[in-house]
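Biologist: Please choose one part of this model and take me through it closely, residue by residue where that helps. I would like to understand how the pieces meet there, and how that part sits within the rest of the chain.

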Amino acid sequence: LPSRSTLFDFGPAYQSSGMSMVRRAGGQLQVEDVSLQVVLNGLYANIDSTAVFSLLMLLYGTLVFAHFIWFFERHYNRNVPRDYGKGIFEGMWMGIVTATTVGYGDVMPTTRPGKILGVMWIFIGTLFAAMFSAAI
């Protein structure tokens with residue numbers, strides 16, 4: 001068997017500054033400098049309608065969830081302000097944290113309809129977040 005030094009290039013990592021990509025060309029590994037613009041262009045070229053749809057559904061769903069949470073929780077939950085603007089903002093925060101399954105626990109529903117809505121949003125938000133991640 002050939003030694004590893006003939007199969008792989010163990011050159012120092014400081015040969016190039018910035019972002020680089022390693023690819024195999026002609027049986028050898030080559031390091032190529034890549035600009036951020038090239039990476040972003042490749043990312044944007046691969047975004048399809050599923051990514052846009054799922055991201056828009058996440059944003060729209062979060063807004064709808066925020067309104068329902070504000071409506072159900074404003075009189076019973078001390079963490080949800082009764083004021084519409086502040087209450088919707090807190091509902092959006094709760095919706096984003098719930099959809100991404102981070103769940104900080106700083107704001108949570110206390111009423112039965114709010115808890116049911118929260119569980120539904122966990123499943124729906126996770127679905128759309130997974131669709132978005134898979135599409136990009």
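**A close look at helix α4 and its partners**

Modeller: Where α4 meets α5, Gly95, Thr98 and Ala99 on the α4 side are in contact with Gly118, Trp121, Ile122, Gly125, Thr126 and Ala129 on the α5 side. These contact residues comprise 4 nonpolar and 5 polar ones, with no charged residue among them. All of this should be read as a description of a predicted model. The geometry behind the contact is as follows: the axis of α4, which covers residues 84-99, comes within 8 Å of the axis of α5, residues 112-135, and the two cross at roughly 60 degrees. Because that angle is neither under 35 degrees nor in the range 65 to 115, α4 counts as oblique to α5. The crossing of these two helices is right-handed.

On the α3 side, the axes of α3 and α4 are 7 Å apart and the helices pack at an angle of about 125 degrees. The two helices are therefore oblique to each other, and their crossing is right-handed. The contact draws on Leu58, Thr62, Leu63, Phe65, Ala66, His67, Ile69 and Trp70 from α3, and on Tyr84, Gly87, Ile88, Gly91, Met92, Met94, Gly95, Ile96 and Ala99 from α4. By type, these residues divide into 12 nonpolar and 5 polar, again with no charged residue. Gly95 and Ala99 are thus listed both in the contact of α4 with α5 and in that of α4 with α3.

Thr62 helps to connect these pictures. It belongs to α3, and it counts as buried because its relative accessible area, 5%, falls under the 20% cut-off. Setting aside neighbours within four places in sequence, Thr62 is in contact with Met92, Gly95, Ile96 and Trp121; Met92, Gly95 and Ile96 are on the α4 side of the α3 contact, while Trp121 is among the α5 residues that meet α4.

The nonpolar residues of this region also lead to the largest nonpolar core, which has 13 residues; those touching the most other members are Leu58, Phe65, Ile69, Val80, Met94 and Trp121. Two or more residues of this core come from each of α3 (49-73), α4 and α5, and α3 contributes the most, with 5 residues. Met94 shows how α4 reaches beyond its helix partners: leaving out residues up to four places away in sequence, Met94 touches Phe65, Ile69 and Val80, and also Val107, Met108 and Pro109.

Met108 and Pro109 are also contacts of Asn77, which touches Thr110 as well when residues up to four places away are not counted. Asn77 lies in the loop between α3 and α4 and is buried, at a relative accessible area of 6%. From Asn77 to Val107 the C-alpha to C-alpha distance is 9.0 Å, although 30 residues separate them in sequence.

As for the setting, the protein chain holds 5 helices and 2 strands, in the order α-β-β-α-α-α-α from the N terminus. Of its 136 residues, 24% count as buried. Among the contacts between residues at least 6 apart in sequence, 53% join residues at least 24 apart.

How values were computed: Residues are numbered from 1 along each chain as its sequence is written. This is a predicted model: local features need pLDDT of at least 70, side-chain atom pairs count only at pLDDT 80 or more; totals for chains, interfaces and linings use all residues. Side-chain values use heavy atoms; hydrogens and water are left out. Axes are lines fitted to C-alpha atoms, for helices over the stretch in contact, and angles run from 0 to 180 degrees between N-to-C directions. Helices (H or I, at least four residues) and strands (E, at least two) are DSSP runs, numbered from the N terminus. Angles under 35 degrees count as roughly parallel, over 145 as roughly antiparallel, 65 to 115 as roughly perpendicular and the rest as oblique. A crossing is left-handed if the near helix is turned anticlockwise from the far one by less than a right angle, and right-handed if clockwise. Contact means heavy atoms within 4.5 Å. Ala, Val, Leu, Ile, Met, Phe, Trp, Tyr, Cys and Pro count as nonpolar, Asp, Glu, Lys and Arg as charged, and the others, Gly among them, as polar. A nonpolar core is a set of buried Ala, Val, Leu, Ile, Met, Phe, Trp, Tyr and Cys residues joined through side-chain atoms within 4.5 Å. Buried means under 20% relative accessible area, exposed over 50%, partly exposed in between (1.4 Å probe, protein chains only).
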